[in-house]
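Grab a pencil and work through these exercises with the structure open beside you. Try each task before you peek at the solution.

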Amino acid sequence: MTPEQLSDVVRSAVAAAVERGVLSVAVPDEVVIERPKNPEHGDYATNVALRLAKAAGRPPREVAEVLAGELRGVEGVSAVDVAGPGFLNVTLAKDALGQIAVRVVAAGEAYGCTEVLAGQRLNLEFVSANPTGPVHIGGTRWAAVGDALGRLLTASGAQVTREYYFNDAGAQIDRFALSLLAAAHGRPVPEDGYAGDYIAEIAAQVVAAEPGVLELPEAEQQERFRVLGVDLMFAEIKRTLADFGVVFDVYFSERTLHETGALEKAVARLREQGHVYEADGAVWLRTTTFGDDKDRVLVKGDGETTYFAADCAYYLDKRERGFDKVVIMLGADHHGYIGRYKALVAALGDDPDTNLEILIGQLVNLVRDGEPLRMSKRAGTVVLLEDLVAAVGADAARYALARASVDQQIDLDLDLWSRQTNDNPVFYVQYAHARISSLLRGAADLGLPLGEAGDVDTAALAHQREGDLLRALGEFPRVIASAAELRAPHRVARYLEELAGTYHRFYDSCRVLPRGDEEATPVTTARLWLCAATATVLRNGLAVLGVSAPERM
RNA sequence: GCGCCCGUAGCUCAGUGGAUAGAGCAGGUGCCUUCUAAGCACUUGGUCGCAGGUUCGAUCCCUGCCGGGCGCGCCA
């Protein structure tokens with residue numbers, strides 16, 4: 001019996017008590033099932049009596065006693081106790097608990113998938129680094145977290161489009177083009193230009209692709225360097241991200257918004273809504289009406305549109321593509337945008353609390369030899385996605401970035417994460433998977449197949465450590481669902497570390513394969529199913545994080 | 001000045017209003033002729049920054065304060 005099934009059982013018990021007139025209360029939609037920390041408190045606990053007590057007009061313990069009476073007859077439930085202020089502690093029958101292993105193996109890759117977000121159409125935008133240079137460490141955090149979140153949302157039933165918005169218009173791109181041009185001519189880096197080896201490399205690639213380019217008039221040269229440079233830089237970004245395991249469904253060009261007239265349309269739309277005014281020669285959006293701390297310029301005094309105006313058009317475009325909710329992941333250095341973005345959504349007549357969600361992630365510091373690596377473009381100590389991958393590998397990089405809460409600044413210790421020892425959490429988890437794989441190979445060598453699900457004696461899983469492992473496996477769907485709802489992929493990583501630990505403890509005290517001349521027993525088979533189930537969950541969890549589950553280490 | 005995030009064990013950090021606040025590392029003591037010791041067991045270590053409030057119950061929610069990080073352009 002899984003916690004979800006138990007939740008239904010308890011809810012039915014409430015309904016039954018109401019039906020029989022021994023309890024007078026509205027039956028709750030959902031009953032929360034918890035896993036007690038103290039093993040003496042049974043397999044599962046619920047606070048349902050505490051929650052219903054007030055509405056029922058009776059003391060919590062009394063409500064609990066009523067429900068305990070209903071639950072005691074249920075198949076698969078071996079004991080129900082009322083404890084503390086009114087908790088119901090439920091102990092499952094051994095075979096009912098053991099069935100979790102069978103369910104996990106049967107579900108395979110689908111174990112952990114739920115429908116809690118079914119029907120939601122989400123646009124998930126992350127990374128969105130401009131194609132004026134390689135992806136930095138900050139964007140790398142979003143690549144790891146955003147990709148994991150995308151998988152979580154999908155696993156929870158949402159329709160998700162992963163989107164990368166790139167700025168290929170405006171002054172920043174002009175500076176990029178001018179920097180390439182300067183490099184091609186051997187001139188110094190222009191004012192506010194981009195430095196770095198990659199500029200010279202891309203400039204050389206542009207010249208190689210279009211040999212006559214340096215003979216064109218200056219303005220045309222700049223245009224060619226812009227077009228080809230952006231293409232080359234963006235191809236490089238995509239390649240790096242793909243090596244990191246991150247691929248987007250849509251790469252959205254800001255330039256197209258300018259070219260299709262979407263910007264003018266967006267400004268006109270805002271004007272119709274009555275939130276646009278002109279002052280000091282510029283066109284403004286009155287975002288202060290919707291809680292922003294100052295109004296924002298849409299069209300500058302020189303007639304150019306702002307990046308914010310493009311954001312308006314881009315938001316409208318997403319909504320017109322049918323997304324219910326626009327989710328944008330940004331670094332902490334951009335958190336100031338929340339106010340204006342929310343205001344923009346409100347100004348367009350949408351609900352900023354349901355149609356827009358902005359996730360802010362704190363910054364990443366790298367540490368080497370115990371010393372923080374201060375990043376500085378000037379000093380040439382900018383750390384790139386590829387640097388991180390080169391230092392610790394893609395698995396460790398993704399895991400390290402995804403295991404921390406996004407609200408937490410990370411000090412990522414390159415020494416620790418490149419170490420292949422047990423103080424490196426990703427190896428602890430991967431090792432558990434490799435260990436199971438090895439064991440299952442051993443079982444195959446001994447001619448011990450898993451066999452049919454119906455033939456497994458799940459009641460044979462009676463050891464304390466087996467129960468611990470089964471309960472841990474039963475948590476996985478709820479971990480995935482809550483991590484998706486809370487936009488917190490790190491919960492999956494933490495869960496996996498706990499699961500790996502639970503497995504190692506099981507392994508240490510429960511021999512799986514027969515030794516020497518011993519015969520396989522029903523316990524052997526049941527434990528093999530338990531191992532296979534654990535491997536499945538480790539694989540599924542690591543897959544969410546985009547980390548490999550090695551068969552051998 | 002205003003806004004966002006953080007403050008939990010020596011260190012790095014989990015903890016979606018519930019029972020005795022957890023993990024890893026570091027320190028100490030043990031466990032490999034036996035399925036991967038990249039493992040396990042035991043052990044040391046806490047005014048959950050401080051002060052109020054909300055309620056059956058607060059590390060969690062609210063208010064104020066103290067520390068640290070990041071922002072506050074007709075830049076993108």
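## Exercise 1: Who lines the RNA?

**Task.** Find which helices and strands each supply at least two residues of the surface near RNA strand B.

**Solution.** Keep in mind that this is a predicted model.
- Step 1: "near" here means having a heavy atom within 4 Å of the strand.
- Step 2: the elements that pass are strands S4 (87-92) and S9 (282-285), plus helices H12 (337-347), H16 (425-445) and H18 (490-509).
- Step 3: H16 gives the largest share, eight residues.
- Step 4: altogether 62 residues surround the strand, with Gln172, His335, Tyr337, Arg435 and Arg515 the closest.
- Step 5: sorted by class, that surface has 22 nonpolar, 20 polar and 20 charged residues.

## Exercise 2: Which parts of the RNA get touched?

**Task.** Work out how the RNA atoms within 4 Å of the protein split between sugar or phosphate and bases, then look up some polar contacts.

**Solution.**
- Step 1: sugar or phosphate accounts for 63% of those atoms, and bases make up the rest.
- Step 2: for the bases, a nitrogen sits 2.8 Å from a polar backbone atom of Tyr507, and an oxygen sits 3.0 Å from one of Leu513.
- Step 3: Asp508 uses a side-chain N or O atom, 2.4 Å from a sugar or linking oxygen.

## Exercise 3: Two helices crossing

**Task.** Describe how H16 and H19 (residues 522-545) cross.

**Solution.**
- Step 1: packed helices are described by the angle and the distance between their axes.
- Step 2: these axes come within 9 Å and cross at roughly 140°.
- Step 3: the crossing of H16 and H19 is left-handed.
- Step 4: their contact has twelve nonpolar, three polar and one charged residues.

Terms used:
Residues are numbered from 1 along each chain as its sequence is written. Chains are lettered from A and ligands numbered from 1 in the order in which they are written. This is a predicted model: local features need pLDDT of at least 70, side-chain atom pairs count only at pLDDT 80 or more; totals for chains, interfaces and linings use all residues. Side-chain values use heavy atoms; hydrogens and water are left out. A polar contact is a pair of N or O atoms within 3.5 Å; within protein, one must be able to donate a hydrogen and the other to accept it, and residues adjacent in sequence count only if both atoms are side-chain atoms. Helices (H or I, at least four residues) and strands (E, at least two) are DSSP runs, numbered from the N terminus. Ala, Val, Leu, Ile, Met, Phe, Trp, Tyr, Cys and Pro count as nonpolar, Asp, Glu, Lys and Arg as charged, and the others, Gly among them, as polar. Axes are lines fitted to C-alpha atoms, for helices over the stretch in contact, and angles run from 0 to 180 degrees between N-to-C directions. A crossing is left-handed if the near helix is turned anticlockwise from the far one by less than a right angle, and right-handed if clockwise.
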